[in-house]
Amino acid sequence: MSLTALHPAPIRKGPPRPQDAVSQIPANANAYELTSEDEIGDTLTQLAESGDPISIYVPGSREVVLGRILSVDPELPHFVMELNEGMTLQPGKLTFVTWLRSAKLQFRLSSKDWQALPGQPQHIPMDFPETCAVLNRRATERVEVPLGATCMASFVINVVNNSHSYELPIFDLSLGGISLHCSKLNAKGLIKGRKVENVLLELGDETVEVAELEVRYTRPFRSFLLGEQIHLGCMFTKLAPEQESKLKQVLQQISDDLR
């Protein structure tokens with residue numbers, strides 16, 4: 001039995017409905033920005049996999065164009081937008097808004113002519129935005145592990161009477177989860193949807209034990225120094241109160257050190 005068979009791919013949501021429209025982030029909102037191409041790519045990939053609705057706004061118009069992200073190029077900073085049947089895009093600047101788990105995500109793109117793919121009038125190829133605004137509904141935002149700090153996640157996966165040990169570097173963390181960077185070889189078996197038990201997080205001088213986390217997305221990227229790498233986004237599904245308290249202290253310490 002293949003690993004993929006143990007965790008079938010999720011079914012994408014259907015086309016967005018009018019009630020799925022998402023309002024824009026207010027100009028005075030306390031949002032932060034994603035600027036890394038890798039982070040933006042990871043975010044768009046999540047939206048493509050889920051089929052979550054995207055609301056598209058044209059300046060000076062209250063009408064909302066609805067669609068979703070069809071696909072994201074695994075190597076280049078490009079994606080394909082799938083518009084609802086019969087909808088079109090006006091030339092010029094557009095604002096894209098959606099929900100990403102507990103946060104509202106917004107970015108802007110501009111084109112003099114939004115050309116569709118040949119024979120596919122609802123599929124519009126686009127470049128990654130330079131930045132994405134993120135407005136969190138949760139109190140704690142994720143923080144990147146500082147350069148030079150040693151933060152690792154260690155665990156064991158047992159599949160079909162075989163076990164494999166992992167010790168992977170943590171790229172960023174929050175009260176909701178962690179993201180990991182590693183080579184394709186070291187990511188073997190860590191497919192989307194896999195649940196991992198008894199994870200040991202080594203966060204500098206602190207150690208946090210997590211009862212269970214789930215791999216929510218994977219995305220390949222190329223590192224100048226390390227070559228082909230995989231970005232793994234993982235969500236805590238079981239976190240004891242005492243471990244959550246410990247994690248809060250670590251996050252606060254990182255935030256204080258970055259100031």
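A strand is a DSSP run of E of at least two residues, and strands are numbered from the N terminus. Asn-198 lies in one of these, strand β13. The model is predicted. Its protein chain contains three helices and 15 strands. Of the 259 residues in the chain, 42% count as buried.

**Chain totals**

- The accessible surface of the protein chain comes to about 14500 Å². Carbon and sulfur atoms account for 51% of that surface.
- Taking contacts between residues at least 6 apart in sequence, 63% join residues at least 24 apart.
- The disulfide count is zero.
- Two cysteines can be placed by their accessibility. Cys-132 counts as buried because its relative accessibility is 0%. Cys-151 is also buried, at 8% relative accessibility.

**Nonpolar cores**

- In soluble globular proteins, nonpolar side chains tend to be buried together.
- The largest nonpolar core has 33 residues. The members that touch the most others are Phe-155, Ile-170, Leu-173, Ile-178, Leu-201, Leu-203 and Leu-232.
- At least two residues of this core come from each of the strands β10 (151-159), β11 (162-173), β12 (177-183), β13 (195-203), β14 (206-223) and β15 (227-238), and the helix α3 (241-258) also supplies at least two. The largest share, five residues, is that of β10.
- Beyond four places in sequence, Leu-232 touches Leu-168, Ile-178, Ser-179, Leu-180, Cys-182, Ala-187, Leu-190, Val-215, Tyr-217 and Thr-218.
- A second core, separate from the one above, has 27 residues. Phe-79, Leu-105, Cys-132 and Val-134 are among them.

**Helix α2**

- Helix α2 covers residues 37-50. Its 14 residues reach 20 Å from the first C-alpha to the last, close to the 20 Å expected at 1.5 Å a residue.
- The helix is mostly covered, with 10 of its 14 residues buried. The buried residues are Glu-39, Ile-40, Gly-41, Asp-42, Thr-43, Leu-44, Thr-45, Gln-46, Leu-47 and Ala-48.
- An α-helix has 3.6 residues a turn, so residues three or four places apart point the same way. In α2, however, the buried residues include an unbroken run from Glu-39 to Ala-48.
- Thr-43 is part of this helix. Its relative accessible area is 3%, so Thr-43 counts as buried. Outside its neighbours within four places in sequence, Thr-43 is in contact with Leu-34, Leu-100 and Leu-105. Leu-105 is also listed in the second nonpolar core.
- At the start of α2, a side-chain oxygen of Ser-36 comes to within 3.2 Å of the backbone nitrogen of Asp-38.
- Just after the helix, Gly-51 has a positive phi of about 75°.

**Strand β11 and the loop that follows**

- Phe-171 is located in strand β11. With a relative accessible area of 23%, Phe-171 is partly exposed, because buried would require a value under 20%.
- Apart from neighbours within four places in sequence, Phe-171 is in contact with Glu-144, Val-145, Ser-179, Leu-180, His-181 and His-231. Of these, Ser-179 and Leu-180 are also touched by Leu-232.
- Phe-171 and Leu-147 are 24 residues apart in sequence, and their C-alpha atoms are 9.8 Å apart.
- Ser-174 sits in the loop between β11 and β12. Although in a loop, Ser-174 counts as buried, at 5% relative accessibility.
- The side chain of Ser-174 reaches the backbone nitrogen of Gly-176 at 3.0 Å.
- Along the chain, Ser-174 and Glu-244 are 70 residues apart, while their C-alpha atoms are separated by 10.0 Å.

**Exposed residues**

- Asn-198, in strand β13, has a phi near 50°, a positive value in a residue other than glycine. Asn-198 counts as exposed because its relative accessibility of 60% is over the 50% cut-off.
- Pro-18 is placed in the loop between α1 (3-6) and β1 (32-34). Pro-18 is likewise exposed, with a relative accessible area of 67%.
- The C-alpha atoms of Pro-18 and Val-65 are 9.2 Å apart, and the two residues are 47 residues apart in sequence.

Terms used. Residues are numbered from 1 along each chain as its sequence is written. This is a predicted model: local features need pLDDT of at least 70, side-chain atom pairs count only at pLDDT 80 or more; totals for chains, interfaces and linings use all residues. Side-chain values use heavy atoms; hydrogens and water are left out. A nonpolar core is a set of buried Ala, Val, Leu, Ile, Met, Phe, Trp, Tyr and Cys residues joined through side-chain atoms within 4.5 Å. Buried means under 20% relative accessible area, exposed over 50%, partly exposed in between (1.4 Å probe, protein chains only). Helices (H or I, at least four residues) and strands (E, at least two) are DSSP runs, numbered from the N terminus. Contact means heavy atoms within 4.5 Å. Accessible areas come from the Shrake-Rupley method with a 1.4 Å probe; for residues, only the protein chains shown count as cover. A disulfide is a pair of cysteine sulfur atoms within 2.5 Å. The expected span of a helix is 1.5 Å times one less than its number of residues. A polar contact is a pair of N or O atoms within 3.5 Å; within protein, one must be able to donate a hydrogen and the other to accept it, and residues adjacent in sequence count only if both atoms are side-chain atoms.
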